[in-house]
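This report concerns selected helices and individual residues of one protein model. The sequence and the structure are shown first.

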Amino acid sequence: MKIEKICIVGGGTAGWMTAAGLAHRLQNSNIKIDLIESNQIGTVGVGEATLPHIRFFNNTLGINEASFMKETKATFKMGIEFCDWGKLGDRYIHPFGDFGMPINGIEFYHYWNKLRLSGDTSHLGEYSYPVVAAQLGKFRRPDTDSSKIESTFGYAYQFDAGLYAKFLRRHAEKIGVLRTEGKVIHINCNNENGFIESVKLENETVISADLFIDCSGFRGLLIEQALKTGYDDWSKWLPCNRAIAVACETRGKSLPYTRATARKSGWQWRIPLQHRTGNGHVYWNEFISDDEAAHQLTNTLEGPALTEPKQLYFKTGKRRVMWNKNVVAIGLSAGFLEPLESTSIYLIQEGITALIELFPDKTFPKSDMVEYNQRMDLHYERVRDFLLLHYVATQRDDSEMWNHFRNLKFPESLQDRIDSWLGRGYIARYEFGAFLPPSWVAVMNGQNLNPKAYDLRVNSSSSLEITQKVKSLSASINHAVQNTPDHQSFIELIGASINGTT
Ligand SMILES: Cc1cc2nc3c(=O)[nH]c(=O)nc-3n(C[C@H](O)[C@H](O)[C@H](O)COP(=O)(O)OP(=O)(O)OC[C@H]3O[C@@H](n4cnc5c(N)ncnc54)[C@H](O)[C@@H]3O)c2cc1C
């Protein structure tokens, strides 16, 4: 009953990540993997910022970091800077890492919270090595010695997603994935159980398989158009439904972070790559026209535009189930959550990881499907809550959109988390979910949600001990950052620069 053939429909980031991931993990299992993609249709053409998890994906495939960065024109990313979210003029970085280092086994932010309540006015970000380094445009890889402050962070990349798909394609083809160019025009389902048996291309080629992976993008060719799985619409919470993207020339120093600036009817991204800067305006069309959104974007570019503005339409939410019969949806076909925290590629990766772990046989056991769907639901729901936090933790009252969010009733799961933070600065750790407590702390703190009390565990250290530790932490961060190279120099140092090769 072993699966003998897998067919992946779609060759965007999701399709090629899935192909490379499955081919690598299922090597020597004698399973044939076909991937169908259509140049005529193309890919969504955005998706440049990532989370640190991508490093584990690349490492598993044995990808060399410097050559990957060179080929995808990538920069390093230590976090995301949020501008104007809490109040106009506010600015904070959500770092991929910790604030300080634990004292007596308790997270540093609890101590800082106690100091804040007793009148200390320092910012939490001052105690984060990745925040201070990123702000100064510096980067190095994390130290492997966990006693050092330079070990307290992770990092991701900002890259050209189209080039990443091409890079993975070469990798996947080398390990046996067979690519077919063509447009799927018909899907054949079994009359009795509704399972997909084969797909037919425009040129009459028929490709059959036991397991189909739908990586066809927003259209959800197999999971929705063929299987009518249904979509959980989350736009009542995350109503932004359009985006305009445009690349421009970079001005100034190469920064190791993405920026997300809140606007009156949405927000704008800035993603610096080695050869250009990606920009986009995500907005809610109820409050702004497409023309005005494009105008606002193009008016705030730091350098001349390099591409024509590209318009995108979406509806936030997720497929009711992501594994239905013999189809697993991965990527945009599985759902979409706006790119505020660069989570889509991470969700692709989680889909691949869960599929490999729960890899079925031809009987498609219900238990595997249920487990997969529950796990992916949790991932999507937790990302949704985290994104929504940015919108609802606001004091802005300068536009209809912000007034809407200040009065929004949001999911209980998010309310509980906010309440527990406001109570004593506590954030529970999830088993499944992209974001660890420091990420939640970064956003809540950065957007002015201040706990009323502190965690009593910190009283086990005397005030003198806390003050001394905080002082020495500041000194070690300043010292470490001084010794951290500039981001651009580090890219050159490791042989990942595209200079001279463009
Ligand atoms: C505005 C915006 C910004 C984003 N920013 C980020 C970001 O910063 N970070 C991040 O992680 N993610 C981001 N994303 C999400 C990211 O773009 C996607 O998750 C990623 O590109 C994967 O897309 P995909 O492969 O699922 O779909 P697509 O790129 O749309 O690929 C679909 C594939 O299916 C093929 N196909 C479709 N129909 C057929 C057919 N009939 N026959 C044959 N082939 C077919 C197409 O040819 C294509 O190869 C963003 C998305 C949007 C909309």
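The following paragraphs treat the helices and then several single residues.

The model is a predicted one, and the descriptions below should be read accordingly.

**Helix α14**

Helix α14 comprises residues 463-482, 20 residues in number, and reaches 29 Å from its first C-alpha to its last. This span is close to the 28 Å expected at 1.5 Å a residue. Its buried residues are Ile 466, Val 470, Leu 473, Ile 477, Ala 480 and Val 481. Because these residues cover an arc of only 100° around the axis, they lie on the same side of α14. The face of α14 turned away from that buried side carries exposed residues, namely Leu 464, Gln 468, Lys 471, His 479 and Gln 482. Among the elements that cover the buried residues of α14 are α4 (108-117) and α5 (129-135).

**Helix α4**

How many of the ten residues of α4 are buried? Nine of the ten are, so α4 is largely enclosed by the rest of the structure. The buried residues in α4 are Phe 108, Tyr 109, His 110, Tyr 111, Trp 112, Asn 113, Lys 114, Leu 115 and Arg 116. The cover over these buried residues of α4 includes α12, α13 (437-446) and α14. Just after α4, Gly 119 adopts a positive phi of about 105°.

**The crossing of α10 and α12**

Two packed helices are described by the angle between their axes and by the distance between the axes. For helix α10 (residues 366-392) and helix α12 (residues 412-424), the axes come within 10 Å and cross at roughly 65°. The crossing of α10 and α12 is right-handed. On the α10 side, the contact is made by Arg 384, Asp 385, Leu 388, Leu 389 and Val 392, while α12 contributes Ser 413, Leu 414 and Ile 418. Classified by residue type, the contact of α10 with α12 has five nonpolar, one polar and two charged residues.

**Residues with positive phi**

Asn 104 and Lys 228 each have a positive phi although neither is a glycine. Asn 104 lies in the loop between β5 (91-95) and α4. Lys 228 is found in the loop between α7 (221-226) and β12 (231-233). Is Lys 228 buried or exposed? Lys 228 is exposed, with a relative accessible area of 61%, and Asn 104 is partly exposed, at 48%.

**Ser 67 and Phe 195**

Ser 67 belongs to helix α3 (residues 65-72) and is partly exposed, with a relative accessible area of 30%. Phe 195 occupies the loop between β8 (184-189) and β9 (196-201). Phe 195 is also partly exposed, with a relative accessible area of 21%; because buried means under 20%, Phe 195 does not count as buried. Which residues does Phe 195 contact, leaving aside its neighbours within four places in sequence? Phe 195 is in contact with Asn 188, Cys 189, Asn 190, Lys 325, Asn 326 and Phe 364.

The table gives separations for one pair involving each of these two residues, with spatial distances taken from C-alpha to C-alpha.

| Pair | Separation in sequence | Distance in space |
|---|---|---|
| Ser 67 and Val 470 | 403 residues | 40 Å |
| Phe 195 and Glu 492 | 297 residues | 51 Å |

Val 470, the partner of Ser 67 in the table, is one of the buried residues of α14.

Methods. Residues numbered from 1 in each chain as written. Predicted model: local features only at pLDDT ≥ 70, side-chain atom pairs only at ≥ 80, totals over all residues. Heavy atoms only, no water. Helix = DSSP H or I, 4+ residues; strand = E, 2+ residues; numbered from the N terminus. Expected span 1.5 Å × (residues − 1). Buried < 20%, exposed > 50% of the residue type's maximum accessible area, 1.4 Å probe, protein only. Arc of directions from axis to C-beta. Contact = heavy atoms within 4.5 Å. Axes fitted to C-alpha atoms, helices over the stretch in contact; angles between N-to-C directions. Left-handed = near helix turned anticlockwise from the far one by under 90°. Nonpolar A, V, L, I, M, F, W, Y, C, P; charged D, E, K, R; others polar.
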